[in-house]
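Open the model in your viewer and keep the sequence panel beside it. The stops below each give a selection and then what is found there.

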Amino acid sequence: MKNCAALLLATLLALPFPSLLLAASVPVEFKGAKDSGVIGRYAGSVMDNAAVEAFASVRVPMGPARYASDKLVFDKAVTVEGQLGAYFYVGPKARGALEVFRNYQAALAQGGFTTLYSCALNDCRDGLITGNFSNEVIDPRRWDGARNSPASAVSRDVRFLSAKARRNGAPVHVMVFVAEPDSTWEAPTAVVIVVQSKPMDTGLVTVSSEQLQKGLAAEGRVALYGIYFDTARAELKPESKPQLDMMARLLTGDKALKVLIVGHTDNQGAAEASLTLSQRRAEAVVAALVATYKIDAARLKARGVASFAPVASNRSDTGRAKNRRVELVEQ
């Protein structure tokens, strides 16, 4: 069942946690880990392993998967970003998988969660949500009923659900996979994954003045992701200072350089409002370079182009984040 936990994360969610592969016949409470503040454990369970990331990208199934070209493909899934917690529990011996699963269902419903997808037994197997008992994704066309194949796993009580709610205005996604005892564990086990959507910590990466110079020389423009604004606002956030320092160093070192400061947005707002917002953001950068770094205003021009020049698809959070940027363009 430890393989079940690791494969659910690694193959189904593309989040490898090698520590979850360590098997043990007797569960031991994982040191230093705490239950998620969103949903806890089934009473009497032991948290045998856990993995936490401050910021990660996770695929949450909203329907069954299929096998295509050696990969699991979800036709219905949502990709979410935020704080991730993955927890592996071994339940009490006297309890069954169905009882454990039903308790999680009830707790999530009482907490205001809406179920996105749920499966059990054959449906989980056919939807490739079984936590295959091997270290590779098994092509269902090769299921032969062997001892460690998904075909034999159907005889065990395995159940899965994904659910969503909102907390403090932000979405929270929970996934629960429960299986009855097997030869490794003498009790039902549960994998609980919680993703609390939130923006990542910013101000940690800047483009150096040397890299800015190289980018302008090579392509005439450089995309900057170290300039930060609050949503729908045009006031520069303090975390923007390291990137502004690099821009000022470039302009101070090359007195002949003239640039356009171009503001870009994603496509989430109305076009006219986004044009105004992107223009105001570009103007805020120019104003900071002039007032704080004493760059000659005649060398700078602000332009806003809203979402009209994307560098990625606006259909995902990741793509929209790439499109929200400031560009430095040589005049």
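Select strand β4, residues 77-90: 10 of its 14 residues are buried, so β4 is largely enclosed by the rest of the structure. Buried means under 20% relative accessible area, exposed over 50%, and partly exposed in between, with a 1.4 Å probe and protein chains only. Helices (H or I, at least four residues) and strands (E, at least two) are DSSP runs, numbered from the N terminus.

This is a predicted model, in which local features need pLDDT of at least 70 and side-chain atom pairs count only at pLDDT 80 or more, while totals for chains, interfaces and linings use all residues. Residues are numbered from 1 along each chain as its sequence is written, and side-chain values use heavy atoms, with hydrogens and water left out.

**Around β4**

Add strand β1, residues 46-61, to the selection. β1 and β4 pair in the antiparallel sense over 13 bridges; two strands count as paired if DSSP finds at least two bridges between them. To check the register, label N49, whose bridge partner in β4 is F88. Another point to label is P61, which stands opposite A77 in β4.

Now add strand β8, residues 189-197. It runs antiparallel to β4, and 9 bridges join the two. F88 appears again here, with V191 as its bridge partner in β8.

Extend the selection to the whole sheet. It is an open sheet of 6 strands with antiparallel pairing, in the order β1-β4-β8-β7-β6-β5. Which are the edge strands? They are β1 and β5 (114-120), each of which pairs on one side only. Neighbouring strands of this sheet are turned by 15 degrees against each other on average, direction ignored. Axes are lines fitted to C-alpha atoms, for helices over the stretch in contact, and angles run from 0 to 180 degrees between N-to-C directions.

Next, show helix α2, residues 97-110. It lies across β4, β5, β6 (158-167), β7 (170-179) and β8, and runs at about 170 degrees to β7.

**The sheet of 4 strands**

Move to the open sheet with the order β9-β12-β10-β11, which has 4 strands and mixed pairing. β9 (221-224) and β11 (300-304) stand at the edges with a single partner strand each, so one side of each has no neighbour in the sheet. On average, neighbouring strands here are turned by 20 degrees against each other, direction ignored.

Select β10, residues 259-264, and β12, residues 325-330: they run antiparallel and are joined by 6 bridges. H264 has R325 as its bridge partner in β12. Two helices pack on this sheet. α5 touches β9 and β12, and its direction makes about 135 degrees with that of β9. Helix α7 (residues 271-293) touches β10 and β11, and its direction makes about 160 degrees with that of β11. Contact means heavy atoms within 4.5 Å.

Stay on β10 and look at its other partner. β10 and β11 run parallel, with 5 bridges between them; V262 has R303 as its bridge partner in β11. Is β10 mostly covered or mostly open? β10 is mostly covered, with 5 of its 6 residues buried.

**Helices α5 and α6**

Select residues 209-219 (helix α5) and 241-253 (helix α6). They pack at an angle of about 60 degrees, with their axes 8 Å apart. That makes α5 oblique to α6, since angles under 35 degrees count as roughly parallel, over 145 as roughly antiparallel, 65 to 115 as roughly perpendicular and the rest as oblique. α5 passes α6 in a right-handed crossing: a crossing is right-handed if the near helix is turned clockwise from the far one by less than a right angle, and left-handed if anticlockwise.

Show side chains for S209, L212, Q213 and L216 of α5 and for Q243, M246, M247, R249 and L250 of α6, which make the contact.

Then select S240, in the loop between β9 and α6. S240 counts as buried because its relative accessibility is 0%. Leaving out residues up to four places away in sequence, S240 touches G226, I227 and Y228.

**Zooming out**

Finally, show the full protein, which has 8 helices and 12 strands. Of its 331 residues, 45% count as buried. Among contacts between residues at least 6 apart in sequence, 69% join residues at least 24 apart.
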